[in-house]
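Q: Please look closely at the packing within one chain of this predicted model, and follow it from the interior to the side that meets the other chain.

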Amino acid sequence: MMISDQELIAKICGGDNEAFRLLITRYQNFAFTIAIRVTGDSMEAEEVVQDSFLKAHQSLNSFRGDSKFSTWFYRIVVNFALSSKRKNTLQTKPLEESNLEFEDLAGDSDKSEKEALVNKAIATLNAKDAGIITLYYMEDLSLEEIGKIMDMSHSNAKVSIFRARQRLGSILKELFEKNGLLV
Amino acid sequence: MNTQENNKMEKWDDLMKKSIQEKAPSHLEDSIMSMLQPKTSPLKIKSKSNLMPFLFAGGLSLFSLLLWLISTFSSTSYSIPDQYNFSQSLLSFIKYLDFGLGNSSLILATLAIISLLIADYAYRSLSSKRNFS
């Protein structure tokens, strides 16, 4: 039987580092997905994930369990990813360059042409839209949970998702037409 | 969202759900775990070059102690007045001591602060090397 997050957290607070390893195994892919979609750079995303897990480890004692652990943790990841993105925008790379990086990454992981175009489309969104779109499609998160993670109200989250999906839809349409692909 | 727009978006949804997930690099888990090592373990000095700042700070402290001892206890310039007067000679001796001690204390304090700063810098640089190597 799979051990619950709450049980893992209790063990970690008792000094069990192996329990923390289990927590990392459970959430690292989700955390990395959010980080890479927001930052658009794999190295930066790795740093964000490392910082997020370390911060979570330091603050686990203050986690009261009012919300799900995943909601609490994804909020840390999103905050680190957005601030890392802001910091690195000061040393801005040309847009084409950052998109190319994402395209290469997609190629490395044997993604289909369509999936590579999806990656490219997300990379052209702004950081906040990329984050919200990722949360919307990545897991079965409720609007309330997405709102909590992105630090916005339930209704704002709904509007933001709608707008981000619209923008993404038009970018995807353009990219698919340009490459002669059908959905 | 009207129905037409909704249908238009829904056709992308399956593709998005399939494509959104990325896999974290395999080394990520170990690198996070290695960062969790306790930071309060005793500092290990691995090479002679790491020891140099500590030796330098220790040497400087010893030198300042020596300087203080010399300046405090050397009384070469103290001379007995022509006409011996106990209270006057005591006063001049105290003045001499005060002057000598005052100056050497200042030098001593300065050197001690410099020594502390060097030792602190050395400790911090060694600690950071240990934590992130």
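**Packing in chain A**

A: Of the 183 residues in chain A, 37% are buried. The coordinates come from a prediction, and everything below should be read as a description of that predicted model. Chain A has nine helices and zero strands, so that, by the assignment of runs used here, its elements read α-α-α-α-α-α-α-α-α from the N terminus on. Taking the contacts in chain A between residues at least 6 apart in sequence, 64% link residues at least 24 apart.

The interior is a good place to start. The largest nonpolar core holds 52 residues, and the members that touch the most others are Ile34(A), Ala35(A), Val49(A), Val77(A) and Ile133(A). H2(A) is the largest contributor to this core, giving 11 residues. As background, nonpolar side chains tend to be buried together in soluble globular proteins.

Ile34(A) shows how the core is joined up. With neighbours within four places in sequence left aside, Ile34(A) is in contact with Tyr74(A), Val77(A), Val78(A), Ala81(A), Gly131(A) and Thr134(A). Tyr74(A), Val77(A), Val78(A) and Ala81(A) fall within helix H4, residues 69-89, while Gly131(A) and Thr134(A) fall within helix H7, residues 127-138. Val77(A) is also among the core members that touch the most others.

Ala35(A) and Val49(A), two more of those core members, lead to the contact between H2(A) and H3(A), where both residues take part. The axes of these two helices come within 8 Å and cross at roughly 135°. That angle is why H2(A) counts as oblique to H3(A); over 145 degrees the pair would count as roughly antiparallel. The crossing of H2(A) past H3(A) is right-handed. From H2(A), the residues in this contact are Phe20(A), Ile24(A), Gln28(A), Ala31(A), Phe32(A), Ala35(A), Ile36(A) and Thr39(A). From H3(A) they are Ser42(A), Glu44(A), Ala45(A), Val48(A), Val49(A), Ser52(A), Phe53(A) and His57(A). By class, these residues comprise 10 nonpolar, five polar and one charged.

H4(A) in turn packs on H8(A), residues 143-150, at an angle of about 40° and with the axes 8 Å apart. The two helices are therefore oblique to each other, and their crossing is right-handed. H4(A) brings Thr71(A), Tyr74(A), Arg75(A) and Val78(A) to this contact, and H8(A) brings Glu145(A), Lys148(A), Ile149(A) and Met150(A). The residues of this contact divide into four nonpolar, one polar and three charged. Two of them, Tyr74(A) and Val78(A), are also contacts of Ile34(A).

Beyond H8(A) comes a loop that leads to H9(A), and Asp151(A) lies in that loop. Asp151(A) is not a glycine, yet has a positive phi of about 60°. Asp151(A) is exposed, because 12 other C-beta atoms lie within 10 Å.

In H9(A) the setting is a buried one at Leu168(A), a residue of that helix. Leu168(A) counts as buried because 23 other C-beta atoms lie within 10 Å, and the threshold for that is 20 or more. Apart from neighbours within four places in sequence, Leu168(A) is in contact with Ala121(A), Ile122(A), Leu125(A) and Ile133(A). Ile133(A) has already appeared as one of the core members that touch the most others. Leu168(A) is 44 residues from Thr124(A) in sequence, with a C-alpha to C-alpha distance of 8.7 Å.

Turning to the other chain, 30 residues of chain A are in contact with 23 residues of chain B. On the chain A side, the elements that give two or more residues are H2 (17-39), H3 (42-59), H6 (113-124), H7 (127-138) and H9 (154-178). H2(A) gives the most, with 10 residues, just as H2(A) gives the most to the largest nonpolar core. The residues on this side of chain A comprise 13 nonpolar, 11 polar and six charged.

Chain B has four helices and zero strands, in the order α-α-α-α along the sequence. Buried residues are 8% of its 133 residues. Among contacts in chain B between residues at least 6 apart in sequence, 84% join residues at least 24 apart.

Conventions. Residues are numbered from 1 along each chain as its sequence is written. Chains are lettered from A and ligands numbered from 1 in the order in which they are written. This is a predicted model: local features need pLDDT of at least 70, side-chain atom pairs count only at pLDDT 80 or more; totals for chains, interfaces and linings use all residues. Two residues are in contact if their C-beta atoms, placed from the backbone, lie within 7 Å. Ala, Val, Leu, Ile, Met, Phe, Trp, Tyr, Cys and Pro count as nonpolar, Asp, Glu, Lys and Arg as charged, and the others, Gly among them, as polar. A nonpolar core is a set of buried Ala, Val, Leu, Ile, Met, Phe, Trp, Tyr and Cys residues joined through C-beta atoms within 7 Å. Axes are lines fitted to C-alpha atoms, for helices over the stretch in contact, and angles run from 0 to 180 degrees between N-to-C directions. Angles under 35 degrees count as roughly parallel, over 145 as roughly antiparallel, 65 to 115 as roughly perpendicular and the rest as oblique. A crossing is left-handed if the near helix is turned anticlockwise from the far one by less than a right angle, and right-handed if clockwise.
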